[in-house]
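Okay, thanks everyone, I'll keep this short. Let me put the sequence and the structure up, and then we'll walk through one helix and what sits around it.

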Amino acid sequence: MNELICTICGKPFTAKRSDRKYCSYECKLKSKRLAINKLRDQQAEESRRRSEQKNAEIRKQKERKEASRRRAEERDAYADELKYWEGVKREEFRFAKQEGKPSTLTVNGISVYDPDFEKKVIESGEVYGSYYGCFNDSFDFETGRRRKESKG
Ligand SMILES: [Zn+2]
């Protein structure tokens with residue numbers, strides 16, 4: 001006979017075989033239940049991990065979409081600003097031609113004759129946070145057009 005210790009309840013017991021683990025049928029059943037519970041826990045943990053991964057992936061996708069939407073918005077806003085300043089320039093040139101004298105318009109110190117007028121004005125606007133124009137107050141920033149100067 002072998003003197004053994006039950007791996008479930010910890011009680012000492014005797015058995016003919018030295019590889020017995022449990023003192024009783026009850027402890028053997030309990031061991032099986034524990035094994036099943038452990039497996040169930042592992043599966044639950046695994047499924048929790050998978051759904052966490054999935055959620056993280058969804059979150060990342062959302063962030064990527066949001067970032068690309070923001071970039072598109074910034075591009076659109078920049079394109080709108082370019083269009084606006086191109087309009088200002090076109091209108092100013094048209095007016096200068098009509099007046100028969102060169103334009104004196106500068107925005108944030110940048111001459112309307114500067115070949116990169118629009119880009120430089122937008123850049124300076126980002127730096128200063130505003131646009132400061134010099135053109136005898138005859139320019140309307142809202143419409144991008146010269147105000148009709150009142151005569152007499
Ligand atoms: Zn036992």
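So, this is a predicted model, and I want to start with H2. Its buried residues pack against H1, strand S3 (106-107) and strand S4 (110-111). Which residues of H2 are buried? Those are Phe117, Glu118 and Val121. They cover an arc of only 95 degrees around the axis, so they sit on the same side of H2. That fits the usual picture: an α-helix has 3.6 residues a turn, so residues three or four places apart point the same way. Flip to the other side of H2, and Glu126 and Val127 are exposed.

How about the geometry? H2 has 12 residues, and at 1.5 Å a residue they should span 16 Å; the end C-alpha atoms are 16 Å apart, so that agrees. Just after H2, look at Gly129, which takes a positive phi of about 80 degrees.

Now the core. The largest nonpolar core has 8 residues: Trp85, Val88, Leu105, Val107, Ile110, Val112, Phe117 and Val121. Helix H1 (25-99) and helix H2 (117-128) each supply at least two of them. Take Trp85: leaving aside neighbours within four places in sequence, Trp85 is in contact with Phe117, Glu118, Val121 and Ile122.

Last stop, the loop between H1 and S3, where you'll find Pro102. Is Pro102 buried or exposed? It has 12 C-beta neighbours inside 10 Å, so Pro102 counts as exposed. And C-alpha to C-alpha, Pro102 is 9.3 Å from Glu92, with the two 10 residues apart in sequence.

Notes: Residues numbered from 1 in each chain as written. Predicted model: local features only at pLDDT ≥ 70, side-chain atom pairs only at ≥ 80, totals over all residues. Core = buried A, V, L, I, M, F, W, Y, C linked by C-beta atoms within 7 Å. Buried ≥ 20, exposed ≤ 12 C-beta atoms within 10 Å, placed from the backbone. Helix = DSSP H or I, 4+ residues; strand = E, 2+ residues; numbered from the N terminus. Contact = placed C-beta atoms within 7 Å. Expected span 1.5 Å × (residues − 1). Arc of directions from axis to C-beta.
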